[in-house]
Structure formats: C-alpha cells, structure tokens
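The following paragraphs offer a guided reading of one protein chain. Please keep the sequence and the structure in view while reading.

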Amino acid sequence: MIILDCCNHLDFFSRIAPIGSAIGAILTGFGAFGLAIWVLLKYRRERGRKTKLTIDLLNSNYLINNVNQIYLDVIFKNEGIVELRTFKRFRKDKNGKSTEVEYTWKDSIETVKYSIELQIKKVKQSKVAFDWFDTNQYDTVIEHVNLLKDIEIPDDLKDPAFYIEPSESYHLGCWVQLESGLYEAKVIVVGDKKNLPDDFWHRRFPFEVK
C-alpha cells in the first residue's frame, strides 16, 4: 500500500512539473518585459533632459552699386525640454578683471573662437567638394564671425552670453559682401563648458551669389 501511495505521488508531481515550468517561463518573460520597459523609460527620461538645438539659415541678396550685399539670417530653435546655454567666453583674471578666452573649442583639426560663430568658404571648381578643411576644395573667405557681438557683456562673468528657453526661437544675423560664386556657410554653436562635447552643434548651408 505504501508503494502504491509513493507511485501516486510521483505521478502527481510528474503531471504538475510542466505546469510549474510554464508558469516559471511566463514569470521570467514578464520580468524581462518589465525590465525592458524600465530601461526604455529610463533612457527616454535621460535623453529628454538633453539639450536639442536646430539651426536654419536664410539669405537675402541685394545688388547695390554693382556690389553684392548678402544678409544671412541664422535661426535657432530649442527643440528640447531644458534651457540651452552657450559657452562663457569671459573669465576673471588674477586682477579680478574680465578677460576673453582664446577659444571656445579646439581639437586637432579645428579652433572655434566664439560661442556662436559663422564661417564662410567659397567652393572651388572641383569634381567634388565636401571636406570643409581641404584647401583644394574650399577657399576661406570669412574665418570667424561673432554672431553674439550685439548681446555679449564682457563684464558679466556670471551669466552666459546667450541662452534659449525650451520651444523658443531666436534670430541672429550679419551682412557680408561677396563676389559672384558658390559659397557655403557654417554655423557653430558651442554650449556650456560643463556639457561639452555633447552640447556642440554645427550646420552647413550652401548659397549662391549671382
């Protein structure tokens, strides 16, 4: 009789074993799914706190006394949900006075002088032109233009020269005098020092002067 009872118990456990395995697999699946959702939400929260800037450029050409005058209107829009701040170019020297830094960004191939900078190059007559730093493809016309000149306050060592609130747009621009030809403008924005190299944006725009 005892042997029969043991056999019955073994038979019962053999029947429920697959059910337990199935339940374990389901719980494991739910756990993996929940972990994936948590990772995704965490990633979106972290990315949501990142700055996001879009840059556009409009150009208006005027022929005055046979001279081409071009107005370049640079449009910035903060597409993120956090405020965007530019690099603070002025520091306090040992005497407590405001002094300008030599550059806002520098690497092995490029030096950027201003927090928001405009560069213009003329496209050479070559089969292909894409390398901004290749003198065989481009001629430098204007190397550094400070688009924040009107609003920078050198004596203000606390606040950045420029910042954009979320969803806000801002226009900066300048006049340039150019000969007829094909050109490319490059707009560079160097963000807050503590957020570099992430807060570094640039965009290039082709335009023609007839």
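How many salt bridges does a search of the whole structure find? The search finds eight. The structure is a predicted model, and the account below starts from several of these charged pairs before turning to strands, a loop and the surface.

Side chains of opposite charge can pair when their charged atoms come close. One such pair consists of Asp 56 and Arg 203, whose side chains meet in a salt bridge with an N to O distance of 2.8 Å. Asp 56 belongs to strand β1 and Arg 203 to strand β13, so that the pair links distant parts of the chain, 147 residues apart. Asp 56 has a relative accessible area of 37% and is therefore partly exposed, given that buried means under 20% and exposed over 50%. Arg 203, at 38% relative accessibility, is likewise counted as partly exposed.

A second salt bridge brings together the side chains of Arg 89 and Glu 152, at 2.7 Å from N to O. Arg 89 is in the loop between β3 (84-85) and β4 (90-92), while Glu 152 is in the loop between β9 and β10 (163-164); the pair therefore ties together parts that are 63 residues apart in sequence. Is this pair buried or exposed? Arg 89 is buried, because its relative accessible area is 4%, and Glu 152 also counts as buried, at 12%. Both residues take part in a network of salt bridges that links Arg 89, Glu 100, Lys 113 and Glu 152.

A third salt bridge, between the side chains of Arg 204 and Glu 184, has an N to O distance of 2.7 Å. Here Arg 204 is in strand β13 and Glu 184 in strand β12, and the pair links parts of the chain 20 residues apart. Arg 204 is partly exposed, with a relative accessible area of 27%, whereas Glu 184, at 11%, counts as buried.

This last pair leads to the strands themselves. Strand β12 spans residues 181-190 and is mostly covered, with nine of its 10 residues buried. Which strands pair with β12? One is β8, which runs antiparallel to β12 and is joined to it by seven bridges; within this pairing, Ile 120 stands opposite Ala 185 of β12. Another is strand β13 (residues 200-209), which pairs with β12 in the antiparallel sense over 10 bridges. In that pairing, Gly 181 has Val 209 of β13 as its bridge partner.

Beyond β8 (116-123), the loop that leads to β9 (138-146) contains Gln 137. Gln 137 is buried, because its relative accessible area is 8%. The side chain of Gln 137 is joined to that of Asp 134 by a polar contact of 3.0 Å. With neighbours within four places in sequence left aside, Gln 137 is in contact with several residues, including Lys 122, Val 123, Ser 126 and Phe 130.

Finally, the surface deserves attention. Which residues form a nonpolar patch there? The patch consists of Tyr 62, Ile 64 and Trp 175, which together have about 350 Å² of accessible area. Ile 64 is located in strand β1 (residues 53-64), and with a relative accessible area of 47% Ile 64 is partly exposed.

Technical notes:
Residues are numbered from 1 along each chain as its sequence is written. This is a predicted model: local features need pLDDT of at least 70, side-chain atom pairs count only at pLDDT 80 or more; totals for chains, interfaces and linings use all residues. Side-chain values use heavy atoms; hydrogens and water are left out. Helices (H or I, at least four residues) and strands (E, at least two) are DSSP runs, numbered from the N terminus. Buried means under 20% relative accessible area, exposed over 50%, partly exposed in between (1.4 Å probe, protein chains only). A polar contact is a pair of N or O atoms within 3.5 Å; within protein, one must be able to donate a hydrogen and the other to accept it, and residues adjacent in sequence count only if both atoms are side-chain atoms. Contact means heavy atoms within 4.5 Å. Patches are made of residues with over 30% relative accessible area and no salt bridge: like charges are joined within 9 Å, nonpolar side chains (Val, Leu, Ile, Met, Phe, Trp, Tyr) within 5 Å. Accessible areas come from the Shrake-Rupley method with a 1.4 Å probe; for residues, only the protein chains shown count as cover. A salt bridge is a side-chain nitrogen of Lys or Arg within 4 Å of a carboxyl oxygen of Asp or Glu. Two strands pair if DSSP finds at least two bridges between them.
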